[in-house]
Amino acid sequence: MNFSELNQLRPDLAFIADWIQPQSQVLDVGCGDGVMLDYLQTDKQCSGYGIEIADDKTLACAKRHINVIQQDMENGLGMFDDNAFDTVLCLSSLQMMKHVEPLLRDIARVGREAIVSFPNFGYWPHRTALLLGKMPVSKSLPYQWYDTPNVRCATIYDFADLANEVGLEVMQCVALHEGQPVNFLPNLRGSLAVFRLRKRQA
């Protein structure tokens with residue numbers, strides 16, 4: 001898979017991929033069908049692993065020749081040593097976790113850097129839906145309240161506070177909408193929050 005194919009399929013992933021250095025060791029936590037790792041392996045000569053629980057997505061990873069470990073992310077990353085990876089990805093997955101803080105600490109432990117993305121609950125259509133008395137449904141939050149896999153809702157400011165609490169330094173924070181950066185009022189106008197993080201220097 002090349003960059004133009006990735007950009008057409010998932011413009012948010014194409015934007016994030018630019019932050020990852022060629023030939024890096026990468027762990028993708030909640031890797032889905034493996035499209036990101038497929039691109040990183042073929043176009044940037046990266047190596048590493050994906051973690052995914054769903055049978056169909058694990059099979060899709062295998063078909064893409066991705067090294068995938070079938071495991072619930074809630075069980076943590078204890079199989080990996082400290083600083084085992086240059087970059088740990090957790091893209092549109094963290095909001096599905098019951099225990100966000102322990103997983104984020106584990107991500108910080110095994111990676112020199114981390115890139116985390118999640119639907120921004122501060123996005124203006126989400127706020128408008130709540131004002132109208134309804135739970136928001138959008139492209140970034142496409143489920144109804146009763147069948148959503150998302151168990152945690154956060155804004156850009158919420159996550160920045162948590163990152164600081166677990167000892168992570170925010171290197172970059174970008175709000176995206178349909179894969180494009182939003183510079184003006186990002187917490188209001190960006191549907192997806194993307195953070196690039198590293199351990200805070202002593």
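Which strands does helix α4 lie across, and at what angle does it run to β3? In this predicted model, helix α4 (residues 55-63) sits across β2 and β3, and its direction makes about 160 degrees with β3. That puts us straight into the sheet, so to speak, and the sheet is a good place to start. It is an open one of 8 strands, with mixed pairing and the order β3-β2-β1-β4-β5-β8-β6-β7. The two ends of that order are β3 (68-70) and β7 (180-182); each has a single partner strand, so one side of each goes without a neighbour in the sheet. On average, neighbouring strands are turned by 25 degrees against each other, direction ignored.

At the β7 edge, the pairing with β6 is antiparallel and runs over 3 bridges. One residue pair can be picked out here: Leu176 has Pro181 in β7 as its bridge partner. Helix α3 (residues 35-44) also packs on the sheet, where it touches β1, β2 (47-52) and β4. The direction of α3 makes about 170 degrees with that of β1.

Just past the other edge strand comes Gln71, in the loop between β3 and β4. Is Gln71 buried or exposed? With a relative accessible area of 18%, Gln71 is buried, since the cut-off for that label is under 20%. Leaving aside residues up to four places away in sequence, the contacts of Gln71 are Ile51, Glu52, Ile53, Gly76 and Met79.

Turning to the nonpolar interior, the largest core holds 31 residues, and the members that touch the most others are Leu27, Leu77, Val116, Phe159 and Leu197. Several elements each put in at least two residues: the strands β1 (25-29), β4 (85-91), β5, β6 (168-177) and β8 (192-199), along with the helices α5 (100-110) and α7. The top contributor is α5, with 6 residues. A second core lies apart from this one; it has 24 residues, including Leu13, Trp19, Ile20 and Cys61.

Leu197 is worth a closer look. Not counting residues up to four places away in sequence, Leu197 touches Glu113, Ala114, Val116, Phe159, Ala163, Leu168, Glu169, Val170 and Met171. Two of the names on that list, Val116 and Phe159, also appear with Leu197 among the core members that touch the most others.

Phe159 comes up again among the aromatic rings. The model has 10 aromatic pairs. In one of them, the ring centres of Phe118 and Phe159 are 5.2 Å apart and the planes stand at 45 degrees, so this pair counts as tilted. Phe118 belongs to strand β5 (residues 111-119) and Phe159 to helix α7 (residues 156-165), so the pair ties together parts 41 residues apart in sequence. Both Phe118 and Phe159 are buried. Elsewhere, one aromatic cluster is made up of Tyr49, Phe80 and Phe85.

On the charged side, the whole structure has 10 salt bridges. Which residues do Arg64 and its partners bring together in one network? Arg64 meets Asp33 in a salt bridge at 3.8 Å, N to O. This pair links distant parts of the chain, 31 residues apart: Arg64 is in the loop between α4 and β3, and Asp33 in the loop between β1 and α3. Arg64 also forms a salt bridge with Asp38, with the closest N and O atoms 3.1 Å apart. Here the link runs from helix α3, home of Asp38, to the loop between α4 and β3, and the two residues are 26 apart. With shared partners, then, Asp33, Asp38 and Arg64 join into one network.

The three members of this network are not equally accessible by label. Arg64 is partly exposed at 25% relative accessibility, and Asp33 is partly exposed too, at 33%. Asp38, at 11%, counts as buried.

Another salt bridge stays within a single helix. Arg109 and Asp106 meet through their side chains at 2.9 Å, N to O. They are 3 residues apart in helix α5, so about one helical turn separates them. Arg109 is partly exposed, with a relative accessible area of 25%, while Asp106 counts as buried at 15%.

Note on methods. Residues numbered from 1 in each chain as written. Predicted model: local features only at pLDDT ≥ 70, side-chain atom pairs only at ≥ 80, totals over all residues. Heavy atoms only, no water. Phe/Tyr/Trp six-rings, centres within 6.5 Å; stacked < 30°, edge-to-face > 60°. Helix = DSSP H or I, 4+ residues; strand = E, 2+ residues; numbered from the N terminus. Buried < 20%, exposed > 50% of the residue type's maximum accessible area, 1.4 Å probe, protein only. Core = buried A, V, L, I, M, F, W, Y, C linked by side-chain atoms within 4.5 Å. Contact = heavy atoms within 4.5 Å. Pairing = 2+ DSSP bridges. Axes fitted to C-alpha atoms, helices over the stretch in contact; angles between N-to-C directions. Salt bridge = Lys/Arg side-chain N within 4 Å of Asp/Glu carboxyl O.
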